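The following questions and answers concern the salt bridges and nonpolar cores of one protein chain. Please consult the sequence and the model while reading.

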Amino acid sequence: MQRKNSIVLTHRPDESKISFKFDNLKKNDFIKDINKSKFNKCVIFCDLKVYDLFEDKLKRIKKNFYIKKLNASEKLKDIKNIPKIIKYLENIQINKSDLILTIGGGTVSDLIGFCCSIYMRGLSFWAIPPT
């Protein structure tokens with residue numbers, strides 16, 4: 001279902017089509033979308049600066065989820081952090097049936113998006129900007 005000012009994210013592993021969801025975060029629609037989805041687990045990488053703004057909303061996720069808080073600065077993009085993120089994804093056994101979600105600015109989404117792309121092809125990745 002498509003609402004005004006919204007593009008719905010759909011992913012079909014058997015196809016190469018991907019669309020993205022953009023919406024107003026105040027509506028909590030991304031929480032509803034996660035709860036309605038077929039994802040088994042949800043891993044959330046959140047900027048420490050905005051975590052408090054989203055903490056109550058994130059508790060509404062009904063899936064098995066993990067939260068990793070990151071100090072978003074240019075130092076976060078250091079190449080030494082890439083193996084740490086990938087090891088974390090391996091430790092919690094993330095696979096194509098799971099969702100990776102970032103909440104924060106470009107520093108967080110850039111690093112995690114890159115890590116997802118080299119960790120496992122076809123991994124579902126959503127980036128939620130705080131503004």
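A salt bridge is a side-chain nitrogen of Lys or Arg within 4 Å of a carboxyl oxygen of Asp or Glu. This is a predicted model, in which local features need pLDDT of at least 70 and side-chain atom pairs count only at pLDDT 80 or more, while totals for chains, interfaces and linings use all residues. Residues are numbered from 1 along each chain as its sequence is written, and side-chain values use heavy atoms, with hydrogens and water left out.

Q: How many salt bridges does the structure hold?
A: One salt bridge joins D98 to K41, and another joins E55 to K59. K77 and D110 also meet in a salt bridge. The number held by the structure is 3.

Q: Is D98, the partner of K41 in a salt bridge, buried or exposed?
A: The closest N and O atoms of D98 and K41 are 3.9 Å apart. The pair links distant parts of the chain, 57 residues apart: K41 is in strand β1 (residues 41-47), and D98 is in the loop between α3 (81-91) and β3 (99-103). Helices (H or I, at least four residues) and strands (E, at least two) are DSSP runs, numbered from the N terminus. Buried means under 20% relative accessible area, exposed over 50% and partly exposed in between (1.4 Å probe, protein chains only); because its relative accessible area is 0%, D98 is buried.

Q: Which class of exposure does K59 have?
A: K59 meets E55 in a salt bridge, at 4.0 Å from N to O. E55 is partly exposed, with a relative accessible area of 27%. The relative accessible area of K59 is 57%, so this residue is exposed.

Q: How many residues apart in sequence are the parts tied together by K77 and D110?
A: The side chains of K77 and D110 meet in a salt bridge at 3.1 Å, N to O. K77 lies in the loop between β2 (64-70) and α3, whereas D110 lies in helix α4 (residues 106-119), so the separation of the tied parts is 33 residues.

Q: Which element supplies the largest share of the largest nonpolar core?
A: A nonpolar core is a set of buried Ala, Val, Leu, Ile, Met, Phe, Trp, Tyr and Cys residues joined through side-chain atoms within 4.5 Å. The largest one has 20 residues, and those with the most contacts inside it are F45, I94, I100 and I112. At least two residues of this core come from each of β1, α3 and α4. The largest share, 6 residues, comes from α4.
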